[in-house]
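Please open the structure in your viewer and keep the selection panel at hand. The stops below take the ligands in turn and then move on to charged pairs.

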Amino acid sequence: MTKIKHALPNLKEARNRKKEETIRLSYELNKDYLHLGDNKTYHIFTYGCQGNEADSEVISGILENMGYKESNEPFTSDLIILNTCAIRENAENRIWGVLGQLKGVKRNNPDVIIGICGCMPQEENATNRFMEKYPHIDIIFGTHNIQNLPKLIAERVTTNNKVIEVISQQGNILEDAPKHRASKHKAWVNIMYGCDEFCTYCIVPYTRGKERSRDKDDIINEVKSLVEKGYKEITLLGQNVNAYGKDRSDNYTFGDLLFDLDKTGIERIRYTTSHPRDFDDKTIAAHRDCKSVMPHLHLPVQSGDNDVLKRMNRKYTHEQYIESIRKLKEACPDIAITTDIIVAFPGETEEQFQRTLDLVKEVQYDGAYTFIYSPREGTPAAKFEDQIEPEVAKDRLNRLINLVNEYYKKGNERFIGTVQEVLVDSFSKNGEGMMCGYTPHMKLTHFNANDASLIGKTVKVRIDEAKSWFVIGSLCE
Ligand code: SAH
Ligand code: SF4
Ligand code: F3S
């Protein structure tokens, strides 16, 4: 079988930030591809961040548009797509494992089409390995090539060749693509794509292209139409949502967007992720003044030590971070704050690690995602000297997790005895007669109820008990 190589990834090219205008594409399905998926099924495995989940909803929408139907039985589908994440080695290892499993699926059913997309194909090494060692992969496409998926599938079907299309340039903005949303009451809304921060450990700026913001009217109209369809909650997505608008000339900022979206009538607005450097007063004002902007902020700090922060290229200090939190808490005293922390960044000393623990004690986070630094090929930090021994890294991670968990539980305990509005997601896996959802502060809440009609509704729940990762409550009549 030969390979049709439309484009291959190139990390050097991906590093370039060109001044050219962002290309805005509108989606149109070539009518030749309209029935390509008739009587066929697909399944998408999604890994990584909410950005990938949102992309999978677009891929799903495009496939449904071609006639494909979603299947819950992944390994017997006619088309299997892996939407991958490259953020850490263990994220990639999971995917190599699933790819191994898929070899057997292809052996049993040579007609199955296997596609791989997302952040891994954007890495030169990963794509070379896909091509050399995984001959059962039929289609490899990148994060900037989603709109061409129908063409790539058609090529694979009509020529029986493997097809590869991974461009590494700046990236575009795809408007009007069909979306097959996973939830009927909560929706992802992309507001910007890409990242120009280049934190020295991170692969995302290479896999997602330059920072580019959607037009505010496109975002507002999308949210208005979600409200009309009965959606209750939106999560605004971007790798650095606070940089929204910086690539545009109208001085319209993320804070302005929050104030405008508050007027659309959507019940709940969340967003992720914020960069502390760009976290501004207007955003704090939106938390204070807009009823729909939920009292939860995820503000990744990564480290509490100024030297480490500098070598990470985070462009803020421990003190500046604490000052942002102080201002925010002054405006919204009960806000829940969560974060991301990396331990064992190259050269991190025990003393520097202690500064991270100090910061956790100062902020008293409601929760934190904690990671051991993982070298990513092509990023500056992968070449830094003094990579930390795995045992030291694990020890630091454990100590950090213990501390974080203490505050996690305290953050839950503060709600005991209060009545919270819970947007109901589903029946709970926590036991018979229980359902679950989230409070405004993003506390996962299990409560006594057994009524499918509550899903997608906001109900009042009295919080009775706090566990480390969730709270338990009783439904108020
Ligand atoms: N754009 C977001 C999220 C990026 S990825 C942000 O800037 O916060 C999510 C988290 O993964 C990061 O916050 C960071 O804590 C972690 N991460 C990124 N690259 C990593 C690496 N090479 N090793 C370990 N953790 C990493
Ligand atoms: Fe990665 Fe930093 Fe961009 Fe977040 S802000 S995606 S950590 S480079
Ligand atoms: Fe992973 Fe790519 Fe998101 S590397 S975290 S899927 S941007």
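The domain bounds used in this tour come from an automatic or database domain assignment, and the model itself is predicted.

**First stop: ligand 3.** Select ligand 3 together with the residues around it, which are C49, N52, T84, C85, A86, I87, C119, V204, R208 and Q239. If you colour this shell by class, you will find six nonpolar, three polar and one charged residues. Now colour the chain by domain, with domain 1 as 3-169 and domain 2 as 173-412. Why does ligand 3 lie between the two domains? Both domain 1 and domain 2 give residues to its shell, so the ligand is placed between them.

**Second stop: ligand 1.** Move the selection to ligand 1, which is surrounded by 15 residues, the closest being Y201, Q239, Q302, D340 and S374. Q239 is thus listed here, and Q239 also appears among the residues around ligand 3. Three distances are worth displaying at ligand 1: a polar backbone atom of Y201 is 3.0 Å from a nitrogen atom of the ligand, a polar side-chain atom of Q302 lies 2.7 Å from a ligand oxygen atom, and a backbone N or O atom of S374 is 2.8 Å from a ligand nitrogen atom. Of the 540 Å² that ligand 1 exposes when taken alone, the protein buries 90%. To see which elements give two or more residues to this shell, show β16 (336-343) and β17 (367-372). By class, the shell around ligand 1 is made up of seven nonpolar, four polar and four charged residues.

**Third stop: a salt-bridge network.** The structure holds 39 salt bridges, and a network of them to select next links E175, K179, R181, R214 and E222. Within it, zoom in on R214 and E222, whose closest N and O atoms are 2.6 Å apart in a salt bridge. Are these two partners buried or exposed? R214 is buried, at a relative accessible area of 5%, and E222 is buried as well, at 10%.

**Last stop: D278 and its partners.** Select D278 and K246, which form a salt bridge with their closest N and O atoms 2.8 Å apart. This pair links distant parts of the chain, 32 residues apart, with D278 in the loop between β14 (268-272) and α9 (281-289) and K246 in the loop between β13 (233-237) and α8 (254-262). D278 is buried at 9% relative accessible area, whereas K246 counts as exposed at 55%. Finally add R277, which also forms a salt bridge with D278, the closest N and O atoms being 3.9 Å apart; R277 counts as partly exposed, at 41% relative accessibility.

Terms used. Residues numbered from 1 in each chain as written. Chains lettered and ligands numbered in written order. Predicted model: local features only at pLDDT ≥ 70, side-chain atom pairs only at ≥ 80, totals over all residues. Heavy atoms only, no water. Near = heavy atom within 4 Å. Nonpolar A, V, L, I, M, F, W, Y, C, P; charged D, E, K, R; others polar. Salt bridge = Lys/Arg side-chain N within 4 Å of Asp/Glu carboxyl O. Buried < 20%, exposed > 50% of the residue type's maximum accessible area, 1.4 Å probe, protein only. Helix = DSSP H or I, 4+ residues; strand = E, 2+ residues; numbered from the N terminus. Polar contact = N/O pair within 3.5 Å; in protein donor to acceptor, adjacent residues only side chain to side chain. Areas by Shrake-Rupley, 256 points an atom, 1.4 Å probe, with all protein chains shown as cover.
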